[in-house]
Amino acid sequence: MVVFGFALAAVLGGMACVTKARVRAVRHALNPSAPELPDAAFTVGRVALLSMAGVGVFTTIQLMGASDRVEWNDDELTGAAGQAATALDGSSRFGDIFGDDSGFDDEYATMIEDEVVEHGGGDAPQHGVDAAPAATNEASDALYTVTASGAGATVCMHVERTRSKDDDYEPPGVAGGSGTVTVPSYRFAVTSRAGAC
């Protein structure tokens, strides 16, 4: 599509460069009885052809920018994943009050995907990132292979979760006194490296 847009603009520009004498000669050869064209018609024609060529180049450049925002490239993915790992490293989150870690893989994957998209930059799309969990993952130690649509590169993210009792949250009781529920807090250590896990 991009090559076609530039080729069409080049053809239109070439047509605008054809001399009046050449056009008159071809026209006379095809239809000798046709009346002569005034010089103003050639000027209007050149302006129209060059304008269309300019619009074609502008539109093609805009399409190139739009296609860049539809798919990730390798540099965007590796850069965004590295920044995401830095942002998540040392962060903390509250866990389940019942100690049920059954949904940790989906939770961590969503956390990674959201962070990579956030650090993708202005040209990167706001979608298309996937963090695939390793089969041996546990809530305290997990690996995720991060890929993105359009990018050939992959990034391995390592997430370690440790209990942080100092950051636990104890909501007040119903009557305003001390509560009986403790919401556990966990800290994350996150690193990334190029390649699949």
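Is R187 buried or exposed, or does it fall in between as partly exposed? Keep that residue in mind while loading the structure, which is a predicted model, and select R187 to begin: its relative accessible area is 35%, so R187 counts as partly exposed.

**First stop: D167 and R187**

With R187 still selected, add D167, which forms a salt bridge with R187, the closest N and O atoms being 3.3 Å apart. D167 sits in the loop between β4 and β5 (185–194), whereas R187 belongs to strand β5 itself, so this pair ties together parts that are 20 residues apart in sequence. D167 is also partly exposed, with a relative accessibility of 28%. In general, side chains of opposite charge can pair when their charged atoms come close.

**Second stop: the other salt bridges**

A search of the whole structure finds three salt bridges, and the next one to display is that between the side chains of R163 and D168, where the N to O distance is 2.6 Å. R163 is partly exposed, at a relative accessible area of 38%, and D168 is partly exposed as well, at 21%.

Now move to R161 and D101, whose side chains meet in a salt bridge with an N to O distance of 3.1 Å. This pair links distant parts of the chain, since R161 is in strand β4 (residues 155–163) while D101 is in the loop between β1 (92–94) and α5 (104–118), 60 residues apart. The two partners are worth colouring by accessibility: R161 has a relative accessible area of 13% and is therefore buried, whereas D101, at 31%, is partly exposed.

**Third stop: from G103 into helix α5**

From D101, step along to G103, which is also placed in the loop between β1 and α5 and is partly exposed, with a relative accessible area of 37%. A distance label drawn from the C-alpha atom of G103 to that of A139 should read 8.9 Å, although these residues are 36 apart in sequence.

Next select helix α5 as a whole. Its 15 residues, at 1.5 Å a residue, should span 21 Å, and because the end C-alpha atoms are 21 Å apart, the model agrees with that expectation. Within this helix, show the side chains of the buried residues, namely F104, Y108, A109, M111, I112, E113, E115, V116 and V117; two glutamates, E113 and E115, are included in this buried set. To see what covers the buried residues of α5, display elements including α4 (74–88), β1, β2 (129–133), β3 (141–148), β4 and β5.

**Fourth stop: A85 in helix α4**

One of those covering elements, α4, contains A85, so select this residue next: with a relative accessibility of 4%, A85 counts as buried. Leaving out residues up to four places away in sequence, A85 touches M157, V190, T191 and S192. For M157, the C-alpha atom is separated from that of A85 by 7.3 Å, with their positions 72 residues apart along the chain.

**Fifth stop: L37 and the cavity**

Turn to L37, found in the loop between α2 (20–30) and α3 (39–68) and partly exposed, with a relative accessible area of 30%. Apart from neighbours within four places in sequence, L37 is in contact with R24, R27 and F42. The C-alpha atoms of L37 and V23 are separated by 9.6 Å, the two residues being 14 apart along the chain.

L37 also leads to an enclosed space, for which a general remark is useful: rolling a probe the size of a water molecule over the atoms shows where empty space is left. The count comes to one cavity of 30 Å³ or more, and the largest cavity has a volume of about 60 Å³. To outline the largest cavity, select R24, R27, H28, N31, P32, A34, P35, E36 and L37, which line it. This lining divides into four nonpolar, two polar and three charged residues.

**Last stop: V3 in helix α1**

Finish at V3, which is found in helix α1 (residues 2–16). Is V3 buried or exposed? At 68% relative accessibility, V3 counts as exposed, because the cut-off for that class is over 50%. As a last distance label, join the C-alpha atoms of V3 and T60, which are 8.6 Å apart in space and 57 residues apart in sequence.

Notes: Residues are numbered from 1 along each chain as its sequence is written. This is a predicted model: local features need pLDDT of at least 70, side-chain atom pairs count only at pLDDT 80 or more; totals for chains, interfaces and linings use all residues. Side-chain values use heavy atoms; hydrogens and water are left out. A salt bridge is a side-chain nitrogen of Lys or Arg within 4 Å of a carboxyl oxygen of Asp or Glu. Helices (H or I, at least four residues) and strands (E, at least two) are DSSP runs, numbered from the N terminus. Buried means under 20% relative accessible area, exposed over 50%, partly exposed in between (1.4 Å probe, protein chains only). On a 1 Å grid over the protein atoms alone, a cavity is a set of points where a 1.4 Å probe fits but cannot get out, and a pocket is an open set with protein on both sides within 12 Å along at least five of seven lines; lining residues have an atom within 4 Å of a point. Grid points are joined across faces, edges and corners, and a volume is the space filled by probe spheres set on the points. Ala, Val, Leu, Ile, Met, Phe, Trp, Tyr, Cys and Pro count as nonpolar, Asp, Glu, Lys and Arg as charged, and the others, Gly among them, as polar. The expected span of a helix is 1.5 Å times one less than its number of residues. Contact means heavy atoms within 4.5 Å.
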